[in-house]
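I opened my notebook to look around a chain I had not seen before. Here is what I pulled up.

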Amino acid sequence: MNQPAETAAAGAGDLIASVIIPARDEETTIAGCLQALAQQTLGPERMEVIVVASGHDRTAEVAAAESSGRFGRFEVIRLSEGNKNAALRAGCRRARAPVMI
């Protein structure tokens, strides 16, 4: 089941791109991915980042801690089961920016 948790620093109109990250058991790599996103020239305040986490590790918690206040909008969706396609669909349904990556 989807369990979204989000933080917002900007309104949806300020966002340029939604970055959807399907993540299954990525506890050890998700922080580096989010750090790299925050360094993009677009500017993290203009990005919405949606991490769709599944699996049995702490991916969702690590992602939330790493991204607190860093992006224009950040959300973690937890899937109890599913695959990459299900994760991408869940992320796309929650995306607010005009461009999805």
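My entries below go from the overall layout to the strands, then to a few single residues and a pocket.

**Entry 1: the layout**

First note to self: this is a predicted model. I looked up the secondary structure and got three helices and five strands. Reading along the sequence, I wrote the pattern down as β-β-α-β-α-β-α-β. The chain has 101 residues, and 42% of them count as buried. I also checked the contacts between residues at least 6 apart in sequence: 80% of these join residues at least 24 apart.

**Entry 2: strand β2**

Next I went to β2, residues 17-24. How many of its residues are buried? I found six of the eight, so the strand is largely enclosed by the rest of the structure. Then I looked for its partners. β2 runs parallel to β3, and eight bridges join the two. One pair I jotted down is A23, which stands opposite A53 in β3. To get from β2 to β3, the chain passes through helix α1, residues 30-38, and I noted this β-α-β crossover as right-handed.

β2 has another pairing, with β5, a strand made of residues 99-100. This one is parallel too, over two bridges. Here A17 has V99 in β5 as its bridge partner.

**Entry 3: strand β3**

I stayed with β3 and asked how many of its residues are buried. The answer is eight of eight, so I put the strand down as mostly covered, with buried meaning under 20% relative accessible area. Which way do its residues point? M47, V49, V51 and A53 go one way, while E48, I50, V52 and S54 go the other. Both sets are buried, E48 included.

E48 turned up again in the pairing with β4, where its bridge partner is R73. β4 covers residues 73-78 and runs parallel to β3, with six bridges between them. The route from β3 to β4 goes through α2, and this β-α-β crossover is right-handed.

**Entry 4: three single residues**

I picked S67 to start with, and found it in helix α2. Is S67 buried or exposed? Its relative accessible area is 0%, so it counts as buried. Leaving out residues up to four places away in sequence, S67 touches L34 and F74.

Then I turned to C92, which sits in helix α3, residues 84-94. Its relative accessibility is 36%, so I wrote it down as partly exposed. That label fits because partly exposed runs between the 20% limit for buried and the 50% limit for exposed. I looked up how far C92 is from S18: they are 74 residues apart in sequence, but 8.5 Å apart in space, C-alpha to C-alpha. Setting aside neighbours within four places in sequence, C92 is in contact with I20 and M100.

L42 was my last pick. Where is it? I found L42 in the loop between α1 and β3. With a relative accessible area of 34%, L42 is partly exposed. L42 and I16 are 26 residues apart in sequence and 8.3 Å apart in space, again C-alpha to C-alpha. I16 is also on the contact list for L42, along with A17 and M47, once neighbours within four places in sequence are left aside.

**Entry 5: the largest pocket**

I finished with empty space. Rolling a probe the size of a water molecule over the atoms shows where such space is left. The largest pocket holds about 180 Å³. How many residues line it? I got 13, and those nearest its centre are A53, S54, G55, H56 and L79. Two elements give two or more residues to the lining: β3, residues 47-54, and α2, residues 59-67. The largest share comes from α2, with three residues.

Last thing I looked up was the make-up of the lining: three nonpolar residues, five polar and five charged. I flagged A53 for another look, since A53 lies among the residues nearest the pocket centre and also stands opposite A23 of the β2 pairing.

Conventions
Residues numbered from 1 in each chain as written. Predicted model: local features only at pLDDT ≥ 70, side-chain atom pairs only at ≥ 80, totals over all residues. Heavy atoms only, no water. 1 Å grid on protein atoms, 1.4 Å probe; cavity = no way out; pocket = protein on both sides within 12 Å on 5 of 7 lines; lining within 4 Å. Points joined across faces, edges and corners; volume = space filled by probe spheres on them. Helix = DSSP H or I, 4+ residues; strand = E, 2+ residues; numbered from the N terminus. Nonpolar A, V, L, I, M, F, W, Y, C, P; charged D, E, K, R; others polar. Buried < 20%, exposed > 50% of the residue type's maximum accessible area, 1.4 Å probe, protein only. Pairing = 2+ DSSP bridges. Right-handed = clockwise from strand over helix to strand, strands pointing away. Contact = heavy atoms within 4.5 Å.
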